[in-house]
Amino acid sequence: MVERTGVALLGLTRAASWAQIAALVRSVLGEGEAGGGEGEGDLFAVANAVCALLDAPVTIEDRSSRVLAYSVRQEEADEFRVETILGRRVPDRFVRLYEEIGFFRRLYQSREPVYLDVPGMLPRVAVAVRAGDEILGSMWAAVREPLTEQREAAFVDAAKIVALHLLRQRAGADVQRRLRADLLATVLTRGEHAAEAAARLDLATNRVCVLAAQLGGADETRTARAESDRQRFCDALALHVGAIHPRAAAAQVGNVAYAVLPLVGAQSRAVQVAEDFLARVGDRHAANIGVGRLARSLGEIARSRADADRALRVLRERGVTGRAVHFHDVHFDSLLLQLGDLVAEQDQPPTGPYQRLLRHDRENGSDLVGTLAAYLDAFGNVNDAAAAVQVHPNTFRYRLRRLCEISGLDLADPGARLAAMLQLRLYGSTSGPARLVRSDDD
């Protein structure tokens with residue numbers, strides 16, 4: 001029926017409100033409402049209206065206890081409310097207290113206002129702000145006694161209005177984020193309309209660098225929590241680069257946050273910007289950032305993005321977090337990863353002396369490959385190599401002669417040594433992580 005008539009069909013989850021769905025759809029369709037600024041002003045007006053209804057100062061907070069709006073008459077509350085308003089969030093010590101006494105659990109489980117009386121501070125009454133079963137935040141009133149039944153009902157009704165505003169703000173922000181992500185993805189991939197996308201982003205394309213940032217341990221998980229963490233991380237990156245240059249652009253594309261940063265000065269400036277950002281977010285967002293080469297034209301931005309991706313991958317393969325690195329500084333490691341991808345894609349097994357050593361070790365339970373790796377890692381210094389594998393130097397010399405006899409490897413040939421070192425890096429050895437690829441004999 002839907003396909004035949006062309007009429008969209010909407011389904012509601014349990015406890016959802018049609019009024020909230022209507023507000024959400026209207027916000028998505030209404031381009032003029034996508035900015036969210038006017039909605040924030042409306043939220044302050046709602047707080048003032050609730051203040052008048054309850055005859056008490058009111059704050060509206062999100063799930064992270066950040067203050068989204070507040071009413072007049074805050075001077076009538078206690079010093080702790082003033083501290084909350086000035087910091088635009090509930091102080092951490094109170095958040096911990098509320099969690100310890102189970103107040104948040106009671107608040108979010110109840111559909112009625114919950115009264116809180118903590119010694120040393122003015123009593124509060126709070127109500128959860130919901131969209132269906134989803135908790136969007138909460139609304140708080142500093143009171144001197146529990147609310148009457150009539151005022152409780154008014155408080156609950158007001159929470160529904162607040163939910164509409166929060167839904168509209170979130171919908172508008174999502175529209176803007178999706179638009180910027182699509183435009184930036186077009187620029188980064190040099191799509192058909194890249195020039196138009198760059199113009200709409202007001203992005204200066206003369207001397208820019210691409211930064212690719214990813215949360216540590218990030219994967220393709222699409223849970224709501226993972227998406228929320230990635231989006232907050234991207235928002236923080238956008239704020240950081242925007243403060244540095246007014247025409248910087250940032251958006252989340254997949255599970256990576258990209259930023260295009262116009263540069264004035266050396267390329268090392270981009271790495272410094274990335275390091276400053278990682279230091280600022282600290283443990284809250286353990287992440288890595290790869291920095292691409294300088295792009296002097298719109299066409300080179302795609303190359304800078306590829307560079308940044310490769311640098312980011314090197315850091316990921318190393319298993320580190322909290323690092324920022326320029327593509328130039330990990331160029332060789334990146335090439336090895338690309339070569340490894342090619343080897344795996346074309347199913348190319350080890351060959352020559354290295355393959356013969358692998359076969360001998362497998363058949364005899366020896367570790368001549370480890371001996372070769374130690375020798376090459378020590379730049380041919382037998383004493384250092386022997387110490388690394390914890391054997392006597394004479395024993396090591398014997399093993400070295402044996403591996404040359406078995407494999408036919410000429411350690412005096414620079415080309416042969418390079419080939420052996422590359423295969424050790426590509427296919428693995430006892431000295432590093434293995435990239436297992438079958439041999440011709442398997």
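This is a short tour of one predicted protein model, stop by stop.

Local features rest on residues with pLDDT of at least 70 and side-chain atom pairs on pLDDT 80 or more, while totals for chains, interfaces and linings use all residues. Residues are numbered from 1 along each chain as its sequence is written, and side-chain values use heavy atoms, with hydrogens and water left out.

Begin with the whole protein chain, which has 17 helices and ten strands; these are DSSP runs numbered from the N terminus, helices (H or I) having at least four residues and strands (E) at least two. Of its 442 residues, 43% are buried, a word that means under 20% relative accessible area with a 1.4 Å probe, protein chains only.

Next, select strands E7, E8, E6, E9 and E10, which in that order form an open sheet with mixed pairing. The edge strands are E7 (249-253) and E10 (324-326), each of which pairs on one side only, where pairing requires at least two DSSP bridges between two strands. Zoom in on E7 and E8 (256-262), which are antiparallel over five bridges, and find Ala249 opposite Val260 in E8.

Now add helix H11 (301-318), which lies across E6, E8, E9 and E10.

Finally, select helix H12 (331-345), whose 15 residues reach 21 Å from the first C-alpha to the last. Which residues of H12 are buried? They are Ser334, Leu336, Leu337, Gly340 and Val343, and their cover includes H11 and helix H17 (414-427). Just after H12, stop at Asp347, which takes a positive phi of about 55°.

Definitions and conventions. Buried means under 20% relative accessible area, exposed over 50%, partly exposed in between (1.4 Å probe, protein chains only). The expected span of a helix is 1.5 Å times one less than its number of residues. Contact means heavy atoms within 4.5 Å. Axes are lines fitted to C-alpha atoms, for helices over the stretch in contact, and angles run from 0 to 180 degrees between N-to-C directions.
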